[in-house]
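Subject: Structure for you to look over

Hello,

Here is the structure I promised. Please open it alongside this message; my notes follow below.

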Amino acid sequence: MELLKRLLDKGLRRDLPTREEALAVLATSDDDVLDVVAAAGKVRRHWFGRRVKLNYLVNLKSGLCPEDCSYCSQRLGSKAEILKYTWLKPDEASHAAAAGVAGGAKRVCLVASGRGPTDRDVDRVSQTITAIKEQNEGVEVCACLGLLSEGQADRLRTAGADAYNHNLNTSEGTYRDITTTHTYADRVDTVQQAQAAGLSACSGLIAGMGESDEDLVDVAFSLRELDPDSVPVNFLIPFEGTPLAKEWNLTPQRCLRILAMVRFVCPDVEVRIAGGREVHLRSMQPLALHLANSLFLGDYLTSEGQAGKADLDMIADAGFEVEGTDTTTLPQHRADALAAAAGCGSHDGGGGCVPCGDDPAEAVAAAPPCGSARTAGCGPAATPAPPQSSGDAHTDLVSVRRRGAGTDLPPNA
């Protein structure tokens, strides 16, 4: 397929696809899905080999969020019967993190519900970061605390945080349909604050909320322009008790096409299979490893994932290997740019405006201007999202987390 040949070549050079090409990936048929995976898989292996980075979530504070994000079981007015608890103490959070590290996690992600942290919250999380780093040499810590206020990203970095996560989630054009208590611009600003502080930015999307193909391409292109170092791709977990409980729009094949499109648009970033993979990819999860080089181990914030051992067996059986703490995840040009940003306290996008092939020096010379992601052409008229089919609902796979952080039961890792 000529389309896939072009996208493969562009991915190896880190050239941006056109919008038409990105949309065409999402429009491919199920008969072509293995060809799509094969082409995007070559891009993934060019930049990341067969390594899989494991990440582990610790939900520091669960439920009772004042924001109204429609997809979230912790949202204002949620009727989902999730765990609800206030802040874990630093030693409790460190203990929870240790389980993930023992299971092979290279990065611990500290998450707290809420609009954003108070200065006291930042102090609390800083103590937790210190506790985790003291007990787990070489482990990265990513904070995900909501919208940041001025100076908070610098304080987290000083405390030892390596990264900050704040997802764009969906396209700017449809954001108000999903959330009304804050704006898309607020989210962009928080990611940019993290970058300016020298933190590695992590920002991704949620698929399956009823969005169109154009929405998915829009958010992927926006992420390319924002240029985080890692892009988690979540697949909506339709929790009962939330406004999107009936949105069962995804098939395993569509999930694979979405991951492939993101890989083509963001070829040299850490693409992570995040929430919902067990619900929507199901037995096709091993194929997703050919597209993404990272995943969450074990459980999520409020839902249970597959057993940690099953994750490790899946990685080994598919011919991949778990990435160790002594290995640099990012390609060298991105790692160098991030190190430079961390050293000077400013961030120019993590090197993302530099298309780098086999020779970094040649790539730097060929770099396009920053912000070019939005100038790659316009797509055709909007394509409606796939029709909802209640027959495709797998409500039996949505299991509320009842173990790990906030409980007396051991975590899944």
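β2 and β3 run parallel, paired over 5 bridges. Across that pairing, Leu-110 stands opposite Ala-143 in β3. Between the two strands the chain passes through helix α5 (residues 119–135), and this β-α-β crossover is right-handed. Bear in mind throughout that this is a predicted model.

On its other pairing, β3 meets strand β4 (residues 163–165), again in the parallel sense, over 2 bridges. Ala-143 turns up here too: its bridge partner in β4 is Tyr-164. Helix α6 (residues 152–159) carries the chain from β3 to β4, in a right-handed β-α-β crossover.

How many of the residues of β3 are buried? The count is 5 of 5. Glu-140, Cys-142 and Cys-144 point one way from the strand, Val-141 and Ala-143 point the other way, and all are buried. The general rule applies: side chains in a regular strand alternate between the two faces of the sheet.

Now β7. All 6 of its 6 residues are buried, so the strand is largely enclosed by the rest of the structure. Ser-230, Pro-232 and Asn-234 cover one side. Val-231, Val-233 and Phe-235 are on the other, and these are buried as well.

β7 has parallel pairings with two strands that I checked:

- Strand β6 (residues 205–207) pairs with β7 over 3 bridges. Ile-206 stands opposite Asn-234. With helix α9 (residues 213–226), these two strands make a right-handed β-α-β unit.
- Strand β8 (residues 270–273) pairs with β7 over 4 bridges. Pro-232 stands opposite Arg-272. Here the helix of the right-handed β-α-β unit is α10.

Helix α10 itself covers residues 252–265, 14 in number. From first C-alpha to last, α10 reaches 20 Å, close to the 20 Å expected at 1.5 Å a residue. Of the 14 residues of α10, 13 are buried, which leaves the helix mostly covered.

Next, the empty space. A probe the size of a water molecule, rolled over the atoms, shows where such space is left. The structure holds 5 cavities of 30 Å³ or more. The largest has a volume of about 910 Å³. Its lining takes in 43 residues, and the closest to the centre are Tyr-71, Cys-72, Gln-74, Asn-167 and Leu-301.

Which strands supply at least two residues each to that lining? They are β2 (107–112), β3 (140–144) and β7 (230–235). So the strands described above come back here. By class, the lining of the largest cavity has 23 nonpolar, 15 polar and 5 charged residues.

The largest pocket is a separate entry in my notes. About 410 Å³ of space lies in it. It is lined by 22 residues, and those closest to its centre are Arg-107, Glu-140, Asp-162, Ser-200 and Leu-338. Glu-140 is also one of the buried residues of β3. Helix α14 (residues 332–344) gives the most to the lining of this pocket, with 4 residues. The classes in the pocket lining come to 7 nonpolar, 7 polar and 8 charged.

Best wishes

Key: Residues numbered from 1 in each chain as written. Predicted model: local features only at pLDDT ≥ 70, side-chain atom pairs only at ≥ 80, totals over all residues. Heavy atoms only, no water. 1 Å grid on protein atoms, 1.4 Å probe; cavity = no way out; pocket = protein on both sides within 12 Å on 5 of 7 lines; lining within 4 Å. Points joined across faces, edges and corners; volume = space filled by probe spheres on them. Nonpolar A, V, L, I, M, F, W, Y, C, P; charged D, E, K, R; others polar. Expected span 1.5 Å × (residues − 1). Buried < 20%, exposed > 50% of the residue type's maximum accessible area, 1.4 Å probe, protein only. Pairing = 2+ DSSP bridges. Right-handed = clockwise from strand over helix to strand, strands pointing away.
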